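I opened this entry to note what I looked up, in the order in which I looked it up.

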Amino acid sequence: MLDAKIPSGPLAEKWTSYKGHCKLVNPANKRSLEIIVIGTGLAGASAAASLGELGYKVKSFCFQDSPRRAHSIAAQGGINAAKNYQNDGDSVYRLFYDTIKGGDYRSREGNVYRLAEVSANIIDQCVAQGVPFAREYGGMLSNRSFGGVQVQRTFYAAGQTGQQLLIGAYQALERQVALGNVEMYARHEMLDLVKIDGKVRGIIARNLMTGKLERYFGHAVVLCSGGYGNVFYLSTNAMHSNVTAAWKAHKHGAYFANPCFTQIHPTCIPVTGDHQSKLTLMSESLRNDGRIWVPKSKDDTRKGNQIPEEERDYYLERRYPAFGNLVPRDVASRAAKERCDAGFGVGTSKQAVFLDFAAAIKRYGKKEAGKHKLPLDNEEEIIRLGKEVIKEKYGNLFDMYEKITGENPYQVPMRIYPAVHYTMGGLWVDYELMTNVQGLYALGEANYSDHGANRLGASALMQGLADGYFVIPYTIGNYLADEIRNAPIPTSHPAFEEAEKQVSDRIETLMNIKGNTSVESFHKKLGKIMWDKCGMARNAQGLQEAILEIRALREEFWKDLKIPGSITEFNPELDKAGRVADFMELGELMCLDALMRSESCGGHFREESQTSEGEALRNDAEFMFVAAWEYENGREWRMHKEVLEYEEVKPTQRSYK
Amino acid sequence: MEHYTMNLKLKIWRQANRDAKGAFRNYEVSGISSEMSFLEMIDVLNEKLIENGDDPVAFDHDCREGICGMCSMYINGRPHGPWEGTTTCQLHMRAFHDGDTIVIEPWRANSFPVIKDLVVDRSAFDRIIQAGGYISVNTGNAVDGNAIPIPKDKADASFAAAACIGCGACVAACKNSSAMLFLSAKVTHLALLPQGIPEHDSRVKDMVERMDKEGFGACSNTTACESVCPKEIKMTNIAYLNKEYLLATLNNK
Ligand SMILES: Cc1cc2nc3c(=O)[nH]c(=O)nc-3n(C[C@H](O)[C@H](O)[C@H](O)COP(=O)(O)OP(=O)(O)OC[C@H]3O[C@@H](n4cnc5c(N)ncnc54)[C@H](O)[C@@H]3O)c2cc1C
Ligand code: SF4
Ligand code: FES
């Protein structure tokens, strides 16, 4: 039985009551307890810094050359918090409710409530660290709207919110490094866990500069290794984001929950050709001001700005009048696919829709002209003023669009299309963020806990920082309090030796395949299978085919892979090979999970389960559970169910109309 | 936008490791689309090298969105290549034409030793931050975010400095390999905010001292750094730093 260890009592008091009763570790004992933190994104950097501040001995790992470069740096639009600074009716309850509803009733009430509860502290903490959030003229913090909600609760720093938050956490981390509380291991990749007597006791890491394997002991290991969207090859994730750390944990018994729950983001720059190595997001914040449309007639080849108003179909505003362009991501993505599949797509590939700022530019221009008492009939001047406002809000995104496409989005509408962006699934964790393996925790995108079947915009940053700054510092103490008598285990212990040997054998095996096909080609092939058959729309037949195709591809991989260079040098191709090998296994599990879940919910759309209007149709009677998969032998998994019980919220069919 | 394809000659610095002697090697790539990013062009080359049993070119990259600061190529004599305010990964091939020769080197600075080919070790930057590039506030110590009003122009100016991605192009462009633009961006980011004031004397002194220890050179105001910075960090930050530094030394005689 899966025990989520949710504290008893009323929802709003659970976390307070937990904090009042969990075990504590006294300062002297903290100094002799060692914690390994994998990852330096928002979750990892905030966790490592906070645990270091508490006095634990922390070792922090990342595979980039500096902790500041973790994938979180790329987050654009913002971070949510229930501050109600706008006086527009926001509250902890409303943020909790929006998140549960946005997730299509597939997440756990207790965890989500806590997330909403600590959200306000995150903003305070970041401001104290010097994160330069956007501000109003009066000096107060500014907010914007994000999809799926009707209040303004998103804090931001232009289109670089992730960067500013991560720099804040990174600086806190470097301060702990300087104080000697954290040891930093950059360009190191965790390649296995070490388990002794049922508890996690350390890791095997590879020094990516020299290729050497190294052993590290920890009383606990905290995985903050990010999401696995790159299983699709093309995604908005950084090139090196991968599942390896989580997958090794899975192979050591940690359950993988809801692996098929993938978020496809509606507004990304479309694919241009086979050379494409990644996709670039255009932040959801753009939907505050941008209007999405396609031409009313098929195969319209005119430029966007030459198509008259009455020949445009603003299909989101038409289908979802209540939320309009700000419907949640899953809904917006499917609607774009529907229009393109029906032949209304734009651009050379016809796999794109317009995101248009002309109306917003005029609106802001008029407002500015009014403010400065300028004439309202000077069209040119109004457009100039409006462009300035847009530039201040989204300048870096517009620049990025222009650099990539060569088109000026201040003049012509952007062309956008959905792309893989985020993975709601991840390692199963309980209320304390511990996996089902003793002493092994998962934080941030690496766990599955808070977003159900669809994540709302600006909530991943909130979750990563909530987990790292405000949850793990309490919950890990509850476990470590019982570890104070256990001295560090020397890494000469046979369990370390054995783990290192296995890692080393696997690397040798990969190197010795000496086939003809590069890692990149295999990754592309895997991505294509996943996108075609386990992407925006899924059906039983496609998923069954995908499983067979992935198995065949995996076999070919282990027979025909070609890795240049050697093991004991800086060798990015070898690093990538290990990661793609793990993706090949994960892909199969994702398809299996998608096949099992024959309902549609959130980002998981099973074609067999839709309403007459083409909306996702949930099946609460059969699927109101978290699917937590146990690894058996690489071809078979055993499913455990965590039944979701809603005490506070009444699940209804989600409607944004 | 008209797209085109091109054939290119590449002259790339190859160096097996930190201690090896490096040299340029010549390569050719064909059928490169103007829609590709610069790194996608290198991907094409590397796939070809792997196919032929050669060693692919090692280079740093991750986000490919101009924000992580990992990519770092010295292209045709300029860090990050010909486009202003652009990282290597955001540079696109429409900047080049059929038949062009492109010369690609790593960042060259004593404080950034080469790890392999175009990959260098920039950990000195992290150590400069460790010396004081933060506000000393433990988790849980914060007051309400709006309890500290910050004038919008101050917040905006602080943000503009905080936009530095730590790529090191400023160092690579400078004939003295000075890290002043990077350092001043951090000092300015923090010193402009009320939260940063209590530590501003010690911060600037400790960070400058660390920078010197790491072997970065002195700033002689050539402005090379500013002109190549992909995030358009301004030289005015260096003036601000100098002022802060002077005040700090006067205060703590
Ligand atoms: C383009 C983009 C924009 C986004 N914008 C927003 C936004 O506006 N708002 C929002 O809320 N969310 C946004 N998101 C989502 C959000 O950025 C991520 O979900 C979040 O940053 C993940 O943080 P993390 O700390 O869990 O992991 P990451 O930031 O992915 O960090 C993972 C870390 O783990 C390390 N690592 C992984 N494996 C290993 C290993 N085996 N060994 C050693 N180290 C390892 C890496 O080096 C890295 O340091 C965006 C995502 C993308 C792609
Ligand atoms: S100042 Fe500019 S060039 Fe220097 S590290 Fe920062 S972003 Fe790069
Ligand atoms: S790869 Fe991240 S900035 Fe270029």
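How many residue pairs are in polar contact across the interface of domain 1 of chain B and domain 2 of chain B? I worked throughout on a predicted model, and for this interface I found six such pairs, with both residues at pLDDT 80 or more. When I turned to salt bridges across the interface of domain 1 of chain B and domain 2 of chain B, I found zero. On the side of domain 1 of chain B that touches domain 2 of chain B, I noted seven nonpolar, seven polar and two charged residues.

**Domains of chain B**

I took the bounds as 5-115 for domain 1 of chain B and 123-251 for domain 2 of chain B, and I noted that 16 residues of domain 1 and 20 residues of domain 2 take part in the contact. The C-alpha centres of these two domains of chain B lie 29 Å apart, and the area buried between them is about 1,300 Å², with 59% of it from carbon and sulfur atoms.

**Chain B against chain A**

I next looked at the interface between the chains, where 72 residues of chain B are in contact with 74 residues of chain A. Together chain B and chain A bury about 6,100 Å², and carbon and sulfur atoms account for 52% of that area. Across this interface I recorded 46 residue pairs in polar contact, both residues being at pLDDT 80 or more, as well as six salt bridges. I looked up the salt bridge between Arg122(B) and Asp65(A), whose closest N and O atoms are 3.2 Å apart.

**Ligand 1**

Why do I call the site of ligand 1 shared between chains? I do so because the residues that surround ligand 1 come from chains A and B. There are 38 residues around ligand 1, and those that come nearest are Gln64(A), Ser72(A), Gly77(A), Met190(A) and Glu445(A). For Met190(A) I also noted a backbone N or O atom 2.7 Å from a nitrogen atom of ligand 1, while for Gln76(A) the corresponding distance from a backbone N or O atom to a nitrogen atom of ligand 1 is 3.2 Å. A polar backbone atom of Ala460(A) lies 2.9 Å from an oxygen atom of ligand 1. Ligand 1 exposes 1,000 Å² when taken alone, and the protein buries 98% of that.

**Ligand 2**

I closed with ligand 2, whose surrounding residues include Cys164(B), Cys167(B), Cys170(B) and Cys229(B), and also Phe125(B), Leu181(B) and Pro230(B). By class, I recorded 10 nonpolar, two polar and no charged residues in the shell around ligand 2.

Key:
Residues numbered from 1 in each chain as written. Chains lettered and ligands numbered in written order. Predicted model: local features only at pLDDT ≥ 70, side-chain atom pairs only at ≥ 80, totals over all residues. Heavy atoms only, no water. Domains from an automatic or database assignment. Contact = heavy atoms within 4.5 Å. Buried area = accessible area lost by both parts, 1.4 Å probe. Salt bridge = Lys/Arg side-chain N within 4 Å of Asp/Glu carboxyl O. Polar contact = N/O pair within 3.5 Å; in protein donor to acceptor, adjacent residues only side chain to side chain. Nonpolar A, V, L, I, M, F, W, Y, C, P; charged D, E, K, R; others polar. Near = heavy atom within 4 Å. Areas by Shrake-Rupley, 256 points an atom, 1.4 Å probe, with all protein chains shown as cover.
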